[in-house]
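Biologist: I have not seen this structure before. Could we go through it together?

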Amino acid sequence: MAAGTGPPRLWPDERLAPVLAGRADLVTVHRLGDRSPWPGVAQALVRPDGHLGYVARGTEQGGLRAYVDRWLPAEPA
């Protein structure tokens with residue numbers, strides 16, 4: 001599961017598309033808004049075992065994309 005926090009406008013579908021490409025059946029996105037359990041975190045990836053695999057305070061997605069590319073390679077188009 002990937003989670004985006006803060007105002008919903010920060011996480012439109014088209015912004016997340018590059019990270020989700022080829023993984024739509026494997027990753028679920030939740031836009032937590034102000035309900036985030038992680039103060040100051042803008043994005044998080046929760047692994048299937050419930051542990052946080054990736055967290056970031058900003059909205060730049062390079063780190064998230066690198067993490068997902070390493071552990072969850074995209075299916076070829």
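**A first walk through the chain**

Modeller: Let us begin with one residue: Gly62 has a relative accessible area of 32%, so it counts as partly exposed. Please keep in mind that this is a predicted model.

Biologist: Where is Gly62 placed?

Modeller: Gly62 belongs to helix α2, which covers residues 62–71. Its C-alpha atom is separated by 15 Å from that of Val41, and the two residues are 21 apart along the chain.

Biologist: Which element pattern does the chain follow along the sequence?

Modeller: Reading along the sequence gives β-α-β-β-β-α. That is 2 helices and 4 strands. The chain has a radius of gyration of 12 Å, close to the 11 Å that the globule rule gives for 77 residues, so it is as compact as a globular protein of that length.

Biologist: And what does the C-alpha trace span?

Modeller: Along the principal axes, the C-alpha trace spans about 35 × 25 × 20 Å.

Biologist: What share of the residues is buried?

Modeller: Buried residues account for 30% of the 77 residues. As for the surface, the accessible area of the chain is about 5,000 Å², and 58% of it belongs to carbon and sulfur atoms.

Biologist: Back to Val41, please. Is that residue buried or exposed?

Modeller: Val41 is buried, because its relative accessibility is 14% and the cut-off for buried is under 20%. It sits in the loop between β2 (29–33) and β3 (43–46).

Biologist: What does Val41 touch?

Modeller: Leaving out residues up to four places away in sequence, Val41 touches Thr5, Val55, Ala56 and Arg57. By contrast, Ala24 is 17 residues from Val41 in sequence, and their C-alpha atoms are 23 Å apart in space.

Biologist: Thr5 came up there. Where does Thr5 lie?

Modeller: Thr5 is in strand β1, which runs over residues 2–5. With a relative accessible area of 6%, Thr5 is buried.

Biologist: Which residues is Thr5 in contact with?

Modeller: Apart from neighbours within four places in sequence, Thr5 is in contact with Leu10, Trp11, Leu32, Gly33, Ser36, Val41, Ala42 and Gln43. Gly63 is 58 residues from Thr5 along the chain, and 16 Å separates their C-alpha atoms.

Biologist: How many contacts in the chain join residues far apart in sequence, as a percentage? I mean residues at least 24 apart.

Modeller: Taking contacts between residues at least 6 apart in sequence, 53% join residues at least 24 apart.

Biologist: A change of topic, then. How many aromatic pairs does a search of the whole structure find?

Modeller: The search finds 1 aromatic pair. The ring centres of Tyr54 and Tyr67 are 6.3 Å apart and the ring planes are at 40°, so this pair is tilted.

Biologist: Which parts does that pair tie together?

Modeller: Tyr54 lies in strand β4 (residues 52–56) and Tyr67 in helix α2 (residues 62–71), so the pair ties together parts that are 13 residues apart in sequence. Both tyrosines, Tyr54 and Tyr67, are buried.

Biologist: What about the loop between β4 and α2? Which residue is found there?

Modeller: Gln61 is found in that loop. Gln61 has a relative accessible area of 13%, so it is buried. Not counting residues up to four places away in sequence, Gln61 touches Trp11, Arg15, Leu16, Val19 and Gln43.

Biologist: And the loop between β1 and α1? Which residue lies there?

Modeller: Pro8 lies in that loop, ahead of α1 (13–20). Pro8 is exposed, because its relative accessibility is 59% and the cut-off for exposed is over 50%.

Biologist: Where is Asp49 relative to Pro8 in space?

Modeller: The C-alpha atoms of Pro8 and Asp49 are 26 Å apart, while the two residues are 41 apart in sequence.

Biologist: One last matter, the charges. What are the mean positions like for positive and negative charges?

Modeller: The chain has 9 positive and 8 negative charges, and their mean positions are 6 Å apart.

Conventions: Residues are numbered from 1 along each chain as its sequence is written. This is a predicted model: local features need pLDDT of at least 70, side-chain atom pairs count only at pLDDT 80 or more; totals for chains, interfaces and linings use all residues. Side-chain values use heavy atoms; hydrogens and water are left out. The radius of gyration is taken over C-alpha atoms; the globule rule is 2.2 Å times the number of residues to the power 0.38. Buried means under 20% relative accessible area, exposed over 50%, partly exposed in between (1.4 Å probe, protein chains only). Contact means heavy atoms within 4.5 Å. Accessible areas come from the Shrake-Rupley method with a 1.4 Å probe; for residues, only the protein chains shown count as cover. Lys and Arg count as positive and Asp and Glu as negative; His and the chain ends are not counted. The place of a charge is taken as NZ of Lys, CZ of Arg, CG of Asp or CD of Glu. Rings of Phe, Tyr and Trp (its six-membered ring) pair if their centres lie within 6.5 Å; planes under 30 degrees apart count as stacked, over 60 as edge-to-face and the rest as tilted.
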